[in-house]
Amino acid sequence: MNMVALSFVRPDASYPGRLDLKGTGLQYGFPGAVLRDAIALLKQRQPETRVLLAVGGANYANWGGLNLDAIVRLVRDLGADGVDLDYEPEVPGCSVRPPGRVRCLSDAAWQDLVARFRSAFPRPLLLTVPGWSIGAYGEEAFQNAQPRGPYTGSMLNLLRSPQAQAIDLVSIMAYEGGPTFDPWQAYQAYRQVWSGPLALGVQVPPSQLGGPTYTVPLAEQLARKVAQDANGGMMLYPLLGRPPGTIGPDNPDGRLLSQALCRGLDLPGCGQALP
């Protein structure tokens, strides 16, 4: 694993300093100093690993109150390496307009946020973006790809915009798409508009929306396909997840799935314990 995202920081975070996490959105059962030291220890043991703070998510949506200064200071004080910009507009407002192009009300907000975050976090700090499962559907070869929904095509215009050059990685939230969703098709759809580093996300079961349910064989199979792409990778959510019931290949926890992804990507050390 070369990237770990800690979730979630509120866009409107308040952070007085001194590693006081109460107003940040991070809900860990230990003080900020312990989190800072844990990040340092992980990076000491795994020097190639980068640690990001994920901002936003499904439950933190006050982007109008964005407090970039607080987030910048929090990243600095924790010794993190950048941010994962998890903007999930409740109503993206996407529709297809002639000549068959998707346009979304959220396009301008996405582009503005990427530009502002990149300015606040200049390279070599990382700026990564998670994409909705169906966010690259709706055009050309994927015009009629299933399933359809409010987020169909919601990432297309960001990834074709000049602001896309500021993004270091796109990870596809290829889960909770329902029984007709095909994660490999989603990966191919994102590849039509994004040539940079691209990670296909899998989820520790169970799925709340009826699929896909990621088993060990399915996760490893997908990783083998992605491994043929020199700029491809895999993402796992949540790393420490554990489903109800007996843990096994058909009902895997984060440990079993991470090992499956490691094997599929033909990486060394796949039997090692999670950090």
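Which residue forms a salt bridge with Arg-101, and how far apart are the closest N and O atoms? The partner is Glu-139, and the closest N and O atoms are 2.7 Å apart. The pair links distant parts of the chain, 38 residues apart. Glu-139 sits in the loop between strand E6 (126–132) and helix H4 (156–160), while Arg-101 belongs to strand E5 (residues 101–104).

This is a predicted model, in which local features need pLDDT of at least 70, side-chain atom pairs count only at pLDDT 80 or more, and totals for chains, interfaces and linings use all residues. Residues are numbered from 1 along each chain as its sequence is written, and side-chain values use heavy atoms, with hydrogens and water left out.

## Salt bridges

A salt bridge here is a side-chain nitrogen of Lys or Arg within 4 Å of a carboxyl oxygen of Asp or Glu. By this rule the count is 15. Side chains of opposite charge can pair when their charged atoms come close.

Burial is given by relative accessible area: buried is under 20%, exposed is over 50%, and partly exposed is in between (1.4 Å probe, protein chains only). Glu-139 is buried, at 2% relative accessibility. Arg-101 is partly exposed, at 29%. A network of salt bridges links Arg-101, Glu-139 and Arg-160.

Three of the pairs are set out below.

| Pair | N to O distance |
|---|---|
| Glu-139 and Arg-101 | 2.7 Å |
| Arg-73 and Asp-69 | 3.0 Å |
| Asp-20 and Lys-22 | 3.1 Å |

Helices (H or I, at least four residues) and strands (E, at least two) are DSSP runs, numbered from the N terminus. Arg-73 and Asp-69 both lie in helix H2 (residues 68–78). They are 4 residues apart, about one turn of the helix. An α-helix has 3.6 residues a turn, so residues three or four places apart point the same way. Asp-69 is partly exposed, with a relative accessible area of 49%. In the Asp-20 and Lys-22 pair, Asp-20 is partly exposed at 21%, and Lys-22 is exposed at 72%.

## Helix H5

Which residues of helix H5 (residues 183–191) are buried? They are Pro-183, Ala-186, Tyr-187, Ala-189 and Tyr-190. Seen down the axis of H5, these buried residues fall within an arc of 160°, so they line one face of the helix. The arc is that of the directions from the helix axis to the C-beta atoms.

The buried residues of H5 pack against E6, H4, strand E7 (169–173), strand E8 (198–203), helix H6 (216–226) and strand E9 (232–237). Contact means heavy atoms within 4.5 Å. Asp-182 caps the N-terminal end of H5, with a side-chain oxygen 3.0 Å from the backbone nitrogen of Trp-184.

Tyr-190 has a relative accessible area of 0%. Leaving aside neighbours within four places in sequence, its contacts include Trp-132, Met-155, Leu-159, Val-170 and Leu-198.

## The cavity

Trp-132 and Met-155 also appear among the residues nearest the centre of the largest cavity, together with Tyr-87, Pro-89 and Trp-110. In total, 13 residues line this cavity. A cavity is a set of points, on a 1 Å grid over the protein atoms alone, where a 1.4 Å probe fits but cannot get out; lining residues have an atom within 4 Å of a point. Grid points are joined across faces, edges and corners, and a volume is the space filled by probe spheres set on the points. The count is 1 cavity of 30 Å³ or more. The largest holds about 60 Å³ of space.

Ser-106 touches Tyr-87, Pro-89 and Pro-92, not counting residues up to four places away in sequence. Ser-106 is buried, at 3%, in the loop between E5 and helix H3 (107–120).

## Loops and backbone

The loop between E8 and H6 holds Ser-207 and Pro-206. The peptide bond from Pro-205 to Pro-206 is cis, with omega near 5°. Ser-207 is buried, at 16%. Its side chain reaches the backbone nitrogen of Gly-211 at 2.9 Å.

A second cis bond joins Pro-98 and Pro-99, with omega about 0°. Pro-99 is in the loop between strand E4 (94–97) and E5.

Leu-19 is not a glycine, yet has a positive phi of about 60°. Leu-19 is buried, at 13%. Glu-140, also not a glycine, has a positive phi of about 50°. Glu-140 is exposed, at 56%.

Technical notes:
A polar contact is a pair of N or O atoms within 3.5 Å; within protein, one must be able to donate a hydrogen and the other to accept it, and residues adjacent in sequence count only if both atoms are side-chain atoms. On a 1 Å grid over the protein atoms alone, a cavity is a set of points where a 1.4 Å probe fits but cannot get out, and a pocket is an open set with protein on both sides within 12 Å along at least five of seven lines; lining residues have an atom within 4 Å of a point.
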